[in-house]
Amino acid sequence: MLVLSRRIGESITIGDQIEVTVLEVKGEQVKIGIKAPQDIEIHRQEVYENIKNENKQAVGFTVDIKHFLDGK
Amino acid sequence: MKIDTKYFGEINIEENDIWHFTKGIPGFLDEKQFVLCPLEEQESLLIMQSVQTREIAFVVAHPFSFFQDYDFSLEEQIVEHLNITTPENVLTLVILTIKDSLLKATANLQAPLILNRENKQAKQVILHNTSYSTKHAITLNETAEEC
């Protein structure tokens, strides 16, 4: 992991088209602004992980579809 | 073309049965083509089967059959990415996670599947700043009886 220190208002560029800016710091919370192309998705990491894990769980179970709808 | 499926053995599909998830879905970024297979005797639930990987099949549901108040907005960049021209063309489905009991399942309302009927483009959209979670309880048996 590349580690850089930034002050409020300072930015980091990633590749040609992504810019990350520290907007505000309040106690332990940092407000971060991100400029990126429309087709790149940005999510809170734990949210993305959560969706990923839910999908994997959903696929893992093999349903007995013959009896699935019988209520058995 | 023939494909191998998790629940239905070998089935025949047409090119225009295929939904194109150009970015895959979280956890399965390489799975970009799925077909929807009906489940007999009811219409609220379907199987979403990967075209290329037999084992990858999801139970999906029409969310409004179970959650009448389900409501969300699609961000402009999603509308553009899927080239959605009118809301009538949008099919919304949610992935179910089925636990040990077949009667109880949870629906992922935080990340619905958005499918554009017009061009067969699709995406799993993670809703931002929402109170919906990945695990909303639903009871399947009730629906089977209703249908």
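Me: What is a polar contact?
Reply: A polar contact is a pair of N or O atoms within 3.5 Å; within protein, one must be able to donate a hydrogen and the other to accept it, and residues adjacent in sequence count only if both atoms are side-chain atoms. This is a predicted model, where local features need pLDDT of at least 70, side-chain atom pairs count only at pLDDT 80 or more, and totals for chains, interfaces and linings use all residues. Residues are numbered from 1 along each chain as its sequence is written, chains are lettered from A and ligands numbered from 1 in the order in which they are written, and side-chain values use heavy atoms, with hydrogens and water left out.
Me: How many residue pairs are in polar contact between chain A and chain B?
Reply: There are 11 such pairs, both residues at pLDDT 80 or more.
Me: And how many salt bridges between them?
Reply: The count is 2 (a side-chain nitrogen of Lys or Arg within 4 Å of a carboxyl oxygen of Asp or Glu). One of them joins the side chains of Glu41(A) and Lys123(B), at 2.3 Å from N to O.
Me: Switching to Lys120(B). Is it buried or exposed?
Reply: Lys120(B) is buried, meaning under 20% relative accessible area with a 1.4 Å probe, protein chains only. Lys120(B) has no salt bridge, and the nearest side chain of opposite charge, Asp17(B), is 5.8 Å away.
Me: What does its side chain reach, then?
Reply: The side chain of Lys120(B) reaches the backbone oxygen of Asn16(B) at 3.1 Å.

Conventions: Buried < 20%, exposed > 50% of the residue type's maximum accessible area, 1.4 Å probe, protein only. Lys, Arg positive; Asp, Glu negative; His and termini not counted.
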